[in-house]
Amino acid sequence: MFDALSDRLSTVFDRLSGRGVLSDKDIDEALREVRVALLEADVALPVVREFIAKAKERATGEAVIRAVKPADQVVKITYDGLVEMLGGDKEPEALNLSLNPPTIIMMAGLQGSGKTTTAGKLALRLQKERKKVLLASLDTRRPAAMEQLATLATQAGVESLPIVAGQAAPDIAKRAMTAAKLQGYDVLILDTAGRTTLDEAMMSEAAEIARIANPHETLLVADSLTGQDAVRTAKAFHERLPLTGLVLTRADGDGRGGAALSMRAVTGLPIKFLGVSEKIDGLDAFDAHRVAGRILGQGDVVALVEKAAQDIDAAKAEAMAKKLAKGQFDLEMMSEQLGQMKRMGGMEGLMGLLPGVQKVKKQISEAGISDKMLDRQQAIISSMTKAERKKPDILQASRKRRIAAGAGVEVAEVNRLLKQHRQMADAFKMMSRDGGKGFAQMARMMGA
Ligand code: GDP
């Protein structure tokens, strides 16, 4: 589905990689071409705008790694942007299965989107995880759809709710829920009726069923080949139903892919699965990194830039270790570490990992460093001038007032921070006198 976009982007990158040094203008131009490529792939304009703004920030911010070729840097920035656009900073979203079965999954979507097929695919997937699954069709207007679901159930090796002619959808939903409960099913999948276009009757029926069934997952199935219409459909459904996720079908088709790329950002809903064939096993769990990797086709470059970033961290850690070993610890170093600590489970967690630092640990906790304060402390340090950070001794009352105002805290808090810094510096000095053991290790963990 992303072939055209993939081709366009590789042309942009190829042109860049022919050159050695890239000026800011070159990078700007490359990002402009990435922008055009995304728009041509039918990605929604606001999504593209945000992508480019963030990419520019990354290209000029301190995240830029000098050690790698600028062209590779642009690939990595694009990769990171795609992953973020697809909601991939988090773990891939799994189905939310209730601890108190049966889990109820409701499928919604337009007729022809692949809803019934996807219900069957999900049933197979869950059946393979040894879940006892019941499929129920609520599509009372199309008996063929009910038959289709029953056939899919057989293929997936699961049960389907017996069809009772003439029963209304809400009643079928209730019957299915009772059956699932009484017969010990783990999962009940409700396949609702769709229409070919968005209409009020379909929406209110779906909303009523959602009210009755109170599903753990309400998945919207959308056909990625329908482009921006799929995005509009998702938005319209989301206004009426508490959707929990999206399934994009026909990802195996040759659509432009932009809808799939915009979907997450526009609706705020996670894409949970991609339909990748007509067959019953044609359903992939959605993985933003994999999709971004497939679009760019530059996995080795991305890995290379990530490695370079790690090397830089290691070099920084080394430099910090040297300073610490000499008993140096200024506010600049403290600020860097506060940031790192936040990512590592706080001071306690960090210190607990180190051998022989019980004394330091005690001093630090006595000094009152808690994770809650880390943000404010960083704000205080960043309100200081460079000279002040290097030499906190020069901080007299008027400077402290200025810093407190800049960070939005009381002067007392600035004083507290300075006291903590002094205690930490003393602790580090003391450790350095012990022969500096464990410093390299500690600095590496703190990541500088
Ligand atoms: P519904 O009306 O939304 O229930 O749609 P169906 O489940 O009946 O699917 C409509 C058609 O799309 C069927 O021919 C399916 O085989 C096909 N289909 C569904 N999902 C996919 C997919 O991911 N890839 C492809 N290629 N075809 C699909």
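This briefing covers the nonpolar cores, helix α11 and the ligand shell. The model is predicted. Its largest nonpolar core has 95 residues. Domain 1 (3-85) and domain 2 (103-290) both contribute to this core, so it lies between them. The ligand has 18 residues around it.

**Nonpolar cores**
- In the largest core, the residues that touch the most other members are Ala123, Leu135, Ala176, Leu188, Ile189, Leu190 and Leu246.
- Helix α4 (residues 70-85) supplies the largest share of this core, seven residues.
- Another core lies apart from it and has nine residues. Among them are Met320, Ala321, Phe329 and Met431.
- In soluble globular proteins, nonpolar side chains tend to be buried together.

**Contacts of Leu188**
- Neighbours within four places in sequence are left aside here.
- Leucine 188 is then in contact with Pro102, Ile104, Leu134, Ala136, Ala176, Met177 and Ala180.

**Helix α11**
- Helix α11 spans residues 288-296. Its buried residues are Ala288, Val291, Ala292, Ile295 and Leu296.
- Seen down the axis of α11, these buried residues fall within an arc of 125 degrees, so they line one face of the helix.
- Their cover includes α1 (3-17) and α4.
- Glycine 297 follows α11. The phi of glycine 297 is positive, near 60 degrees.

**Ligand shell**
- Gly114, Lys115, Thr116, Thr117 and Gly275 come nearest to the ligand.
- Helix α5 (residues 115-128) gives the largest share of the shell, three residues.
- By class, the shell holds 13 polar, four charged and one nonpolar residue.

How values were computed. Residues are numbered from 1 along each chain as its sequence is written. This is a predicted model: local features need pLDDT of at least 70, side-chain atom pairs count only at pLDDT 80 or more; totals for chains, interfaces and linings use all residues. A nonpolar core is a set of buried Ala, Val, Leu, Ile, Met, Phe, Trp, Tyr and Cys residues joined through C-beta atoms within 7 Å. A residue is buried if 20 or more other C-beta atoms lie within 10 Å of its own, exposed if 12 or fewer, and partly exposed in between; C-beta atoms are placed from the backbone. Helices (H or I, at least four residues) and strands (E, at least two) are DSSP runs, numbered from the N terminus. Domain bounds come from an automatic or database domain assignment. Two residues are in contact if their C-beta atoms, placed from the backbone, lie within 7 Å. The arc is that of the directions from the helix axis to the C-beta atoms. A residue is near a molecule or strand if its C-beta atom, placed from the backbone, lies within 6 Å of it. Ala, Val, Leu, Ile, Met, Phe, Trp, Tyr, Cys and Pro count as nonpolar, Asp, Glu, Lys and Arg as charged, and the others, Gly among them, as polar.
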